[in-house]
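Grab a pencil and work through these short exercises with the model open beside you. Try each task before you read its solution.

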Amino acid sequence: MDSVKIDHSFTLHLTPDNTMDLAIVECVVNLCKKLCINIVVEGVETGEILDITSKFPVSLLQGYFFDRPMPANEFEEKIFKIY
């Protein structure tokens with residue numbers, strides 16, 4: 001399945017008052033939803049950004065709020081410890 005990634009430049013200053021970036025994210029999400037395209041939001045750096053982006057029907061969220069970038073083997077070790 002195809003995916004679209006919303007660049008971190010649109011989420012970096014995402015707040016409820018930032019109507020420009022909110023409108024861009026909302027439009028991209030709505031278009032992708034209509035076309036059955038998965039959406040990945042990058043740049044989830046804070047709890048506030050997580051709260052805002054979690055309200056949209058996106059497939060994946062990524063950013064430093066969850067963890068720093070890491071090699072696949074390190075990620076697998078970390079995930080397997082959790083589960």
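**Exercise 1: the sheet**

In this predicted model, β2 and β3 pair in the parallel sense, over three bridges. Your task: find the bridge partner of V40 in β3, then work out which strands stand at the edges of the sheet.

*Solution.*
- Step 1: Start at V40 and cross to β3, where L60 is the bridge partner.
- Step 2: Now put the strands in order. The three of them make an open sheet that runs β1-β2-β3, with parallel pairing.
- Step 3: β1 and β3 (60–62) each have a single partner strand, so one side of each has no neighbour in the sheet, and these two are the edges.
- Step 4: Check the twist: on average, neighbouring strands are turned by 20° against each other, direction ignored.

**Exercise 2: the helix on the sheet**

Your task: say which strands α1 touches, and sort out which of its residues are buried and which are exposed.

*Solution.*
- Step 1: α1 packs on the sheet and touches β1 and β2, and its direction makes about 175° with that of β1.
- Step 2: Use the cut-off for buried, under 20% relative accessible area. In α1 that picks out D21, L22, V25, V29 and C32.
- Step 3: Look down the axis of α1: the buried residues fall within an arc of 105°, so they line one face of the helix.
- Step 4: Ask what covers them. The cover includes β1 (3–6), β2 (38–42) and α2 (47–53).
- Step 5: Flip to the face turned away from the buried side, and you'll meet the exposed residues T19, M20, C27, L31 and K34.

Technical notes:
Residues numbered from 1 in each chain as written. Predicted model: local features only at pLDDT ≥ 70, side-chain atom pairs only at ≥ 80, totals over all residues. Heavy atoms only, no water. Buried < 20%, exposed > 50% of the residue type's maximum accessible area, 1.4 Å probe, protein only. Helix = DSSP H or I, 4+ residues; strand = E, 2+ residues; numbered from the N terminus. Arc of directions from axis to C-beta. Contact = heavy atoms within 4.5 Å. Pairing = 2+ DSSP bridges. Axes fitted to C-alpha atoms, helices over the stretch in contact; angles between N-to-C directions.
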